[in-house]
Amino acid sequence: MSSVDKQLEDLKGQIEEELPRSISISDVKYEGPELVVYTRDPKEFARNGDLIRQLASKLRKRITVRPDPDVLSDPREARDQIAGVIPEEAGVTDLDFHADTGEVVIEAEKPGMVIGRHGSTLREITKQVGWTPEVVRTPPIESSTVSNVRNFLKQEREERREILERIGRQIHRQEFSKEEWVRITTLGCCREVGRAAFLLQTPETRVLIDCGDKPGADDEVPYLQVPEALGAGANSIDAVVLTHAHLDHSALVPLLYKYGYDGPIYCTEPTRDLMGLLTLDYLDVAAKEGRAPPYESEMVREAIKHTIPLEYGDVTDIAPDVKLTFHNAGHILGSAVSHFHIGNGLYNVAFSGDIHYKDTRLFNGAVNDFPRVEALVLESTYGGRNDYQTDQEDSERKLIQTINDIHDRGGKVLIPAFAVGRSQEIMLVLEEAMRTGKIPSMPVHLDGMIWEATAIHTTYPEYLRDDLRDRIFHEDENPFLAEEFNHIDGGEDERQEVTDGGPAIILSTSGMITGGPIMSWLRHLGPDPDSTLVFVGYQAQGTLGRRIQNGWDEIPINDRGDMGRSNTLSLKMGVETVDGFSGHADRQGLENFVKTMNPRPEKVLCVHGDERSVQDLSSALYHDYNMRTFAPKNLETFRFK
């Protein structure tokens, strides 16, 4: 008998000792980080609402209780009974029964009403029908991404269960090494922005944090080939942790499956969906530009199939000696500061990912409250000595004034924006400004993936700011459904109509002008001196966006039907930069993030910034707070403990 089988047998015995005699246990399994308990008496479990919580506390495990398939009621009868329990106002749109796991997936417009106070309605459903309810939200704006991901995972349920059982056995395997050390190897994004990738190692475990590309540099990828990383074989990695879905952090995660990785990806649920959206578009853009994609779309599906979503604040075992907890990073939807608790109190490391420390229109500010953190890996995008962003209210005033000026002369405002995060922030500013009369009502055209990304935001309002979440719950107040917003479907005819029409605002990807529909808009509007290109987000070195920002007015651009050959376009439109809308903390925000940590970390690695930024921030943290700081280069290894 393996050590895991013996462990499960012991756990089954402990559970049976804790339970009333009226409840029988038929099986106990690991599925990923969770302990799944199968019972022939699910209704008895449901009658005692505290039982699962007490078991989880006693065993220090995340526990899910499922009915034994033999005792399930007929789905047709269960459907009627469930309808009698759930309030009609919940807006149930679908019920999907899965006899293999005894779960019924309930899709509803108002999931909170299906859950009930402290889960009371869920327990009542199980008491009535025996099935275990799982609740998902019906997107207020239809999202093909959310629908495709849910349908794909539904089709792959059986294989996914096998994957989760295998991962569960890996997580709970016996520890063999008696050594105690922690190492971090930098595989990318050091003294540069982009290609984020780090390897966190212990004697037992190897965890890869992020695996992204570098904006504007197709051939610069993380150093995955070195012995510390995939050079030891893709399956030498135990887990991948994805802090958020932006391509400089997620683009090459599916590549791992091409190399033979077959393990889990831990991220939040919205990050999973956004990763699918952005990586598939990444492949599409590569194909359109005549570049060989680094992997096939099948690898994106493999990544989604292996994803284990975690919620903020859930402490989760991801290896025998590593626990992971996600906290809100305030950067984009689902972005997470990743906190690793290693060993039995041995060491604690937090990876900031990308953070925004103050509240924004979209998100609450980044969380920095941890029981312990000895080492912090901190982004430094705006870590330079003079990288102070304009106050958001001032930024909004400047944007509104700029739009009014351009509107008055009959021009158009072209805003290159990241599909995820900055676009939705700008949409909220524009919606309020038009609603309150600060700018005239005019069409706001959304091109690229912006509308689809917005639909995903409305699917997960619990990840948004409290007041925004409440507005989305009320359909007539949902700001993203304002009549001014128009989804461009990508056709050139539609773009030409907008070009020939009156004043308008266009939000288009890509945010750094590295490809995508923004190139078409530059062809249409670039020669128009009455129109203006307005930058509202970070432009990385080496990108066309940074060059235009620095004064280039002759820009390379591929003409349609010209076999991809590059010509130049004279840019006669105005160019403005409105700071303050970045999803990154500025220099003050980064310092405040560290200053207000209690206790503060002993060591800080400043990463994800150009050379000046990381060195400036590292030096300031050392002098101001007397902590050991580093501005590492790529391929350095730091040993702790």
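Two strands are taken to pair if DSSP finds at least two bridges between them. In this predicted model, that criterion applies to strand β9 (residues 206-209) and strand β10 (residues 239-241), which pair in the parallel sense over three bridges. Within this pairing, L208 of β9 stands opposite V240 in β10.

Strand β9 is also joined to strand β8 (residues 197-201), in this case by four bridges and with the two strands running antiparallel. The connection between β8 and β9 is a hairpin that passes through four residues, and across the antiparallel pairing F198 stands opposite I209 in β9. Both faces of β9 are covered, with R206 and L208 lying on one side and V207 and I209 on the other, and these residues are all buried. Thus L208, which stands opposite V240, and I209, which stands opposite F198, are on opposite sides of β9, and each of the two is buried.

A helical contact was examined separately. Two packed helices are described by the angle between their axes and the distance between the axes. For helix α4 (residues 75-85) and helix α6 (residues 120-129), the packing angle is about 145° and the axes are 10 Å apart, while α4 passes α6 in a right-handed crossing. On the α4 side the contact is made by A78, Q81, I82 and V85, and on the α6 side by T121, E124, I125, Q128 and V129. Sorted by class, the residues of this contact comprise five that are nonpolar, three that are polar and one that is charged.

Key: Residues are numbered from 1 along each chain as its sequence is written. This is a predicted model: local features need pLDDT of at least 70, side-chain atom pairs count only at pLDDT 80 or more; totals for chains, interfaces and linings use all residues. Side-chain values use heavy atoms; hydrogens and water are left out. Axes are lines fitted to C-alpha atoms, for helices over the stretch in contact, and angles run from 0 to 180 degrees between N-to-C directions. A crossing is left-handed if the near helix is turned anticlockwise from the far one by less than a right angle, and right-handed if clockwise. Contact means heavy atoms within 4.5 Å. Ala, Val, Leu, Ile, Met, Phe, Trp, Tyr, Cys and Pro count as nonpolar, Asp, Glu, Lys and Arg as charged, and the others, Gly among them, as polar. Buried means under 20% relative accessible area, exposed over 50%, partly exposed in between (1.4 Å probe, protein chains only).
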